[in-house]
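Welcome! Please take a moment to look over the sequence and the model shown here, and then we can walk through them together.

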Amino acid sequence: KNQINYRMWITQKPDQNAPLAELQGRTVGLRFECNKCHTEVFTDLLGVPTPDPMADSLADTEQYEKEEVKCPGCGMIHTLEVDASFDGVKFKVSDVAPGSVSYQLAEPRG
């Protein structure tokens, strides 16, 4: 397994997208609190897609990745979505409180 250096966790603000320039083409790990049992859940690394510059409208540029993760505490399945558009990147997690999702960039060791 590759060793990964993690930076600080950054809390995603519910009303604010993460900066696309920092994240595009990178991988991120997400952390959130299950709203059923309040266990802290860490995801596998997710790729941040690159928006489609050839799309006809801003809405069509959005690209997204979808994954599922099971809470280790209660077994609830959370759906993860990474939405990337030219407005920025949004991490959506089902069944969590707004403001409880954090992300961090994976840094390949170099």
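In which sense do strand 6 and strand 7 pair, and over how many bridges? The two strands pair in the antiparallel sense, over 8 bridges. Before going further, please keep in mind that this is a predicted model.

**How confident is the prediction?**

The chain has a mean pLDDT of 86, and 88% of its residues reach 70 or more. Among the elements of the chain, the lowest mean pLDDT, 50, belongs to strand 1 (residues 4-6), while strand 4 (residues 40-42) has the highest, 96.

**A sheet of three strands**

Let us return to the strands we began with. An open sheet is formed by 3 strands in the order 6-7-8, with antiparallel pairing. Strand 6 (63-70) and strand 8 stand at its edges with a single partner strand each, so one side of each has no neighbour in the sheet. From one strand to the next, the twist averages 15 degrees.

Two hairpins link these strands. The hairpin of strand 6 and strand 7 has 6 residues between the strands, and in this hairpin Gly75 takes a positive phi near 80 degrees. Strand 7 and strand 8 also form a hairpin, here with 2 residues between them. These two strands run antiparallel and are joined by 6 bridges.

Some residue pairs can be picked out by eye. Leu80 in strand 7 is the bridge partner of Glu67, and Leu80 also stands opposite Val93 in strand 8. Further along, Asp83 stands opposite Lys90 in strand 8.

Is strand 7 largely enclosed or largely open? It is largely enclosed by the rest of the structure, because 7 of its 9 residues are buried.

**His78, inside strand 7**

A good residue to zoom in on is His78, which lies in strand 7. His78 is buried, with a relative accessible area of 0%. Its side chain reaches the backbone oxygen of Ser94 at 2.8 Å. Leaving out residues up to four places away in sequence, His78 touches Phe32, Cys34, Glu67, Glu68, Val69, Cys71, Val93, Ser94, Asp95 and Val96.

**The nonpolar core**

Next, look for the largest nonpolar core, which has 23 residues. Leu23, Val28, Phe32, Val89 and Phe91 are those with the most contacts inside it. Two or more residues of this core come from each of helix 1 (20-23), strand 3 (27-33), strand 7 (77-85), strand 8 (88-93) and strand 9 (102-108).

Val28 makes a handy starting point for exploring this core. Apart from its neighbours within four places in sequence, Val28 is in contact with Leu23, Asp44, Leu45, Leu46, Val48, Phe91, Gln104, Leu105 and Ala106.

**Phe42 and Ser102**

Two more residues are worth a visit. Phe42 is in strand 4, and Ser102 is found in strand 9. Why does Phe42 count as partly exposed? Its relative accessible area is 45%, and partly exposed covers values between 20% and 50%. Ser102, at 6% relative accessibility, counts as buried because it falls under 20%.

Beyond residues up to four places away in sequence, Phe42 touches Trp9, Leu30, Arg31 and Val69. With the same kind of neighbours left out, Ser102 touches Trp9, Ile10, Thr11, Gln12, Gly29, Leu30 and Arg31.

The table gives a C-alpha separation for each of these two residues.

| Residue pair | Separation along the chain | C-alpha separation |
|---|---|---|
| Phe42 and Phe32 | 10 residues | 6.8 Å |
| Ser102 and Glu33 | 69 residues | 9.6 Å |

To retrace the tour in the model, start from the sheet in the order 6-7-8, move into strand 7 to find buried His78, and then visit the core around residues such as Val28 and Phe91.

Note on methods:
Residues are numbered from 1 along each chain as its sequence is written. Side-chain values use heavy atoms; hydrogens and water are left out. A nonpolar core is a set of buried Ala, Val, Leu, Ile, Met, Phe, Trp, Tyr and Cys residues joined through side-chain atoms within 4.5 Å. Buried means under 20% relative accessible area, exposed over 50%, partly exposed in between (1.4 Å probe, protein chains only). Helices (H or I, at least four residues) and strands (E, at least two) are DSSP runs, numbered from the N terminus. Contact means heavy atoms within 4.5 Å. A polar contact is a pair of N or O atoms within 3.5 Å; within protein, one must be able to donate a hydrogen and the other to accept it, and residues adjacent in sequence count only if both atoms are side-chain atoms. pLDDT is the predictor's confidence in each residue, from 0 to 100. Two strands pair if DSSP finds at least two bridges between them. Axes are lines fitted to C-alpha atoms, for helices over the stretch in contact, and angles run from 0 to 180 degrees between N-to-C directions.
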